[in-house]
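Q: Please take a close look at a single strand in this model. I would like to know how its neighbours pair with it and how the chain gets from one to the next.

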Amino acid sequence: MTDTTTPAHDERMRRWRLVLGGDAADGTGRRLDGRDAAMDGALTALYGTGRGAQQNPGGNRSAGLGASAPSVARWLGDIRTYFPSSVVQVMQRDAIDRLGLSALLLEPEMLEAVEADVHLVGTLLSLNKAMPETTKETARAVVRKVVDDLEKKLATRTRATLTGALDRSARISRPRHHDIDWNRTIAANLKHYLPEYRTIVPERLIGYGRAAQSVKKEVILCIDQSGSMAASVVYASVFGAVLASMRAIRTRLVVFDTAVVDLTDQLDDPVDVLFGTQLGGGTDINRALAYCQSQITRPAETVVVLISDLYEGGIRDEMLKRVAAMKASGVQFVTLLALSDEGAPAYDREHAAALAALGAPAFACTPDLFPEVMAAAIEKRPLPIPDAAAETGGAAANRI
């Protein structure tokens with residue numbers, strides 16, 4: 001028999017009451033007061049069954065945020081008081097989706113009250129064209145904060161990972177004496193150690209090319225800016241800026257819907273890149289790849305990264321022919337169905353399978369994995385495809 005008098009049971013009932021909302025049939029028999037009642041009110045405003053009513057004194061959920069900016073501002077303040085940041089971000093996202101509050105984000109006081117994250121940036125970018133001048137400065141500040149935080153988090157590891165990959169890809173087997181990498185040379189020749197002479201006879205010397213500061217690789221990021229790719233656009237813009245800061249990589253950033261826009265000249269500031277995008281609209285992957293193909297001058301040293309859910313509105317067969325032609329010329333071609341932490345994306349499975357058949361696996365990639373994917377592409381070794389991507393045919397294609 002369950003003891004209904006213990007603190008653990010009481011806490012379980014409290015949590016279930018907050019989850020279930022206090023309807024007559026919830027079965028908890030629990031009333032809330034103080035901070036718990038305030039938390040329940042914040043949850044009711046978003047997840048209640050009604051629209052615009054207030055908290056029912058009897059405890060039943062039938063409330064909503066309404067369309068009032070002051071009430072939304074108060075609610076935003078409440079949820080930041082009662083819930084951790086990760087929960088606040090989810091609730092904000094749900095409020096925008098469930099209650100249609102996007103228009104209120106066009107007001108500066110609203111933007112100052114929200115908890116900024118990647119999803120909010122995507123929403124702001126989708127509203128960019130409708131945003132009044134009085135709001136744009138505040139919106140830009142919100143986007144700047146998110147971008148700066150992401151860059152601090154991602155830049156160091158990305159540069160370190162890719163610098164190592166670039167050095168390894170530039171390794172030469174007949175180096176001049178002052179270009180020999182002695183650590184790797186010794187490690188590669190340990191089996192040739194002569195104990196009687198207490199020395200190693202190196203049969204193979206390993207070194208690096210002399211043009212250490214020259215451009216070693218070309219990277220083209222080709223980003224689908226349809227509305228479903230909002231988070232990917234944000235992360236790709238940040239990574240594009242990080243790659244552009246590396247002298248050994250020449251980076252080009254291209255965004256597309258049914259038109260193609262080259263934002264390479266804005267790569268020094270990812271915020272400028274983001275406000276140069278236009279989320280929404282159709283998709284013409286073939287046209288975007290045609291432009292990228294025209295920019296390739298050193299195929300064997302080029303990595304093309306297509307970031308798209310592959311819902312093609314252009315000419316499918318031409319798209320696949322372009323990918324095949326680029327790969328045949330020596331280009332390393334990577335298809336990312338998403339570059340985000342959002343989980344499994346929706347994507348065109350037929351196109352993903354067709355690309356996999358060409359040896360260009362399509363898979364979703366988290367921001368944490370992206371540096372490893374780029375390092376593998378630079379070194380021309382198998383890509384670190386997540387296990388969950390096997391159903392796209394990516395795992396099989398990666399062994400081709």
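The answer below deals with strand β9 and then turns to the cores and the cavity.

A: This is a predicted model. Start with burial. Strand β9 covers residues 332-339, and 7 of its 8 residues are buried, so β9 is largely enclosed by the rest of the structure.

Now the pairing. Strand β8 (residues 302-307) runs parallel to β9, and 5 bridges join them. Within this pair, valine 304 has phenylalanine 333 of β9 as its bridge partner. Strand β10 (residues 362-365) also pairs with β9: the two run parallel and are joined by 4 bridges. Here leucine 339 is matched with cysteine 365 in β10.

Next, the connections. From β9 the chain passes through helix α13 (residues 349-357) to β10, in a right-handed β-α-β crossover. On the β8 side, helix α12 (residues 316-328) completes a right-handed β-α-β unit with β8 and β9.

Then the packing. The largest nonpolar core has 84 residues, and Val334 is one of the three that touch the most other members, along with Trp75 and Leu124. Helix α7 (residues 133-169) gives this core its largest share, 10 residues. A separate second core holds 25 residues, including Phe256 and Leu310.

Last, the empty space. The structure holds 1 cavity of 30 Å³ or more. The largest cavity has about 110 Å³ of space. Its lining has 12 residues; among those nearest its centre are Leu76, Ile96 and Val114. Helices α3 (69-82) and α4 (85-99) each give two or more residues to this lining. By type, the lining divides into 11 nonpolar residues, 1 polar and no charged.

Methods. Residues are numbered from 1 along each chain as its sequence is written. This is a predicted model: local features need pLDDT of at least 70, side-chain atom pairs count only at pLDDT 80 or more; totals for chains, interfaces and linings use all residues. Side-chain values use heavy atoms; hydrogens and water are left out. A nonpolar core is a set of buried Ala, Val, Leu, Ile, Met, Phe, Trp, Tyr and Cys residues joined through side-chain atoms within 4.5 Å. Buried means under 20% relative accessible area, exposed over 50%, partly exposed in between (1.4 Å probe, protein chains only). On a 1 Å grid over the protein atoms alone, a cavity is a set of points where a 1.4 Å probe fits but cannot get out, and a pocket is an open set with protein on both sides within 12 Å along at least five of seven lines; lining residues have an atom within 4 Å of a point. Grid points are joined across faces, edges and corners, and a volume is the space filled by probe spheres set on the points. Ala, Val, Leu, Ile, Met, Phe, Trp, Tyr, Cys and Pro count as nonpolar, Asp, Glu, Lys and Arg as charged, and the others, Gly among them, as polar. Two strands pair if DSSP finds at least two bridges between them. A crossover is right-handed if, with the strands pointing away from the viewer, the path from the first strand over the helix to the second runs clockwise.
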